[in-house]
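Here's a quick briefing on how two domains of one protein chain meet. Have a look at the model first.

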Amino acid sequence: MVNLEWYRTFKEIYKTGTLTGAAESLFISQPGVSLHLGSLEAYVGYKLFDRTGRKMIPTERGKVLYNAVFEPLQKLENVEKNFQKSTEKHTPTISVGMCFETFQTTLEQYVSSLPFNLIISFGEYPEMLEQLDKGILDLIITPKKGSSLNIEHEAFSSEQIILVGGKDVDTDSFKKVLKTKDPGKIEEWLKQEKWYGTTGDMEHLFQFWILNFGHKPNFRPNYIVPNLNSIIRCLKGGTGLAVVPDFLCKNEIESGDIKLIWEGDKVLENTLYFGCRKKTTYQSEIAHIKGLFRQVMGKL
């Protein structure tokens, strides 16, 4: 059975004359518009548009179909508008992507008070950027910018990647090694300690090591735990080292539960961005979430 959205997309392409114009009008991605049109053309069995450069010129069959569906679609859209006015206010649902640790540290405490529905998605940054572009996600928090022209990035904070350890780590010994300014001796001292890592993300450790020693670490962490927040909790036991973003452990360092061991010879800092589509119907909801992040990150 034909999907009604295919007809709505067809009508917008006909009206605007371009795939881009239809995508902007419908607040969906251009690949989504192309998919709807291709599906409809396959269903009816003939071409509906001739593609001339960027313009979409309706074929004779396309004109016939447009004249046939325009009035019924108009009636349906009017019914939809009238129905929305006569019923309770629709509660929007926002899909937001970020890493698990960022969610726990920032947004989790506010979820129950949000005036709209929320779906949180965890994943790798390239995957989240792709889902944002396709319209699956409405907002992402990421240290990496994508290249899609459909997405805008707004810097709102930064994170410094630091070396931390349990309160029983012999930092006096490490300071003596640091004074030698010998990268080989510093690296060797660090390798003798117990290390924590996570199952999926070793990028922070790799970046820190490459920046300070010129190569990836040639050892594996002794303890692999589910996420970075787990590492922070484990380090409170007194021993061990890990490389983590500073905002995740600021309170623990201030309270003395864990120690800041080393910021590195060269400071590793990432800019954090909000990523969202340039055209969205959820501007006020996205602005609300952005405000919560700025409020929390300002305190960290």
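The notes below cover the domain layout and then the interface between domain 2 and domain 3.

This is a predicted model, so to read it: local features need pLDDT of at least 70, side-chain atom pairs count only at pLDDT 80 or more, and totals for chains, interfaces and linings use all residues. Residues are numbered from 1 along each chain as its sequence is written, and side-chain values use heavy atoms, with hydrogens and water left out.

**Layout**
- The chain splits into domain 1 (4-86), domain 2 (93-158 + 271-297) and domain 3 (159-269), with bounds from an automatic or database domain assignment.
- Between domain 2 and domain 3, the C-alpha centres are 28 Å apart.
- Eleven residues of domain 2 and nine residues of domain 3 make the contact (heavy atoms within 4.5 Å).

**Buried area**
- About 900 Å² is buried between domain 2 and domain 3, with 52% from carbon and sulfur atoms; that's the accessible area (1.4 Å probe) the two parts lose on being put together, summed over both.
- On the domain 2 side, E101, T105 and S158 lose the most area to domain 3, together 47% of what that side buries.

**Polar links**
- One salt bridge crosses the interface of domain 2 and domain 3 (a side-chain nitrogen of Lys or Arg within 4 Å of a carboxyl oxygen of Asp or Glu).
- K144 and E203 form a salt bridge, with their closest N and O atoms 3.0 Å apart.

**Who's on the domain 2 side**
- α5 (100-107) and β11 (268-277) each give two or more residues to the side of domain 2 that touches domain 3; helices (H or I, at least four residues) and strands (E, at least two) are DSSP runs, numbered from the N terminus.
- α5 provides the largest share of that side, five residues.
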